[in-house]
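Here is a small set of exercises for getting to know a new structure. Try each task yourself, then follow the solution step by step.

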Amino acid sequence: MSGVFSTVRTKVGDSIEMIKGECVCGAVRFTISGPTSQVILCHCSICRKSVGAGGIPIIIASNQFFNWESGLDSIKSWSKPVGDWTTNFCSVCGSPLPRENDSNSMATPAGLITQGGDDLKVQHHIYSNYKPAWDEIGDDGVIHPEAFGSSTGER
C-alpha cells in the first residue's frame, strides 16, 4: 500500500488488531488480519447510488491479510457496462460487500465492521465535487475534488 494508502491503522500492542465484519444478515463474513488504510469516503455518483447514501466509507487492505470466512456462495457481483467499476453484494440481504480494489488489495465498506477498527478515522474524501448538496463534510479528512490527484470527469 503506497502513496495515499501508506497511512495505516495503528498497532494495538505489538500487533495489528484483527478486524471482523459481516453483511446485515450474517451470511457473508470476513476478517482482515493486517494493516489497512484509514477510512476513505468516496462521494462519486456510482458509489452513492450503490449504497443509497451520500458516499461510501471504505478501508483498503492487502489481499494477503483479507480472508472470506463464510458465505462465498452468497456473494454476487455487478459490473458497470462501461468502465472499470464492479461491486459485490450479498444475494440474501443486499448489503454491499468487500470488492477488489486492484489486483493486490480489497476495498471493504467500513460500515460492515463488527469488531476491531476502533482506531479508524476518515482520512480522505474523494470525488467531493460530486457529493449531494445535503451532504456536509464535518471531519478532518483531506478533501479531493476528484480521485487522488486525477481529473477523470463525472463519476
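**Exercise 1.** Which residues of the largest nonpolar core touch the most other members?

*Solution.* Start with how to read the model. This is a predicted model, in which local features need pLDDT of at least 70, side-chain atom pairs count only at pLDDT 80 or more, and totals for chains, interfaces and linings use all residues. Residues are numbered from 1 along each chain as its sequence is written, and side-chain values use heavy atoms, leaving out hydrogens and water.

Next, the term: a nonpolar core is a set of buried Ala, Val, Leu, Ile, Met, Phe, Trp, Tyr and Cys residues joined through side-chain atoms within 4.5 Å. Buried means under 20% relative accessible area, exposed over 50%, and partly exposed in between, with a 1.4 Å probe and protein chains only.

Now the result: the largest core has 17 residues, and V28, I32, I59 and L97 touch the most other members. Strand 2 and strand 4 (56-62) each supply at least two residues of this core; strands are DSSP runs (E, at least two residues), numbered from the N terminus. Another core, of 14 residues, lies apart from it, with I40, I46, I60 and Y127 among them.

**Exercise 2.** Find the aromatic pairs and describe how their rings are arranged.

*Solution.* First, the rule: rings of Phe, Tyr and Trp (its six-membered ring) pair if their centres lie within 6.5 Å; planes under 30 degrees apart count as stacked, over 60 as edge-to-face and the rest as tilted. The count comes to 5 aromatic pairs.

One of them is F30 with F66, which is stacked, at 5.6 Å centre to centre and 20° between the planes. This pair links distant parts of the chain, with F30 in strand 2 (residues 29-32) and F66 in strand 5 (residues 66-70), 36 residues apart. Both F30 and F66 are buried.

Then take Y127 and Y130: their ring centres are 6.0 Å apart and their planes at 40°, so the pair is tilted. Y127 and Y130 are buried too. Finally, ring pairs join F30, F66 and W68 into a cluster.

**Exercise 3.** Trace the partners of strand 1.

*Solution.* Two strands pair if DSSP finds at least two bridges between them. Strand 1 (residues 19-22) pairs with strand 2 in the antiparallel sense over 4 bridges, and K20 has T31 as its bridge partner in strand 2. The two strands form a hairpin with 6 residues between them, and G26 in the turn has a positive phi of about 85°.

Strand 1 also pairs with strand 11 (residues 113-115), again antiparallel, over 2 bridges. Here K20 stands opposite Q115. Last, look at the faces: I19 and G21 make up the covered one, K20 and E22 the uncovered one.

**Exercise 4.** Which strands form the open sheet of 3 strands, and in what order?

*Solution.* The order is 6-7-8, with antiparallel pairing. Strand 6 and strand 8 (96-97) stand at the edges with a single partner strand each, so one side of each is left without a neighbour in the sheet. Strand 7 (residues 86-90) is joined to strand 8 by 2 bridges, where N88 stands opposite L97.

S77 belongs to strand 6 (residues 75-79). A polar contact (N or O atoms within 3.5 Å, one able to donate a hydrogen and the other to accept it; residues adjacent in sequence count only if both atoms are side-chain atoms) of 2.5 Å joins the side chains of S77 and N88.
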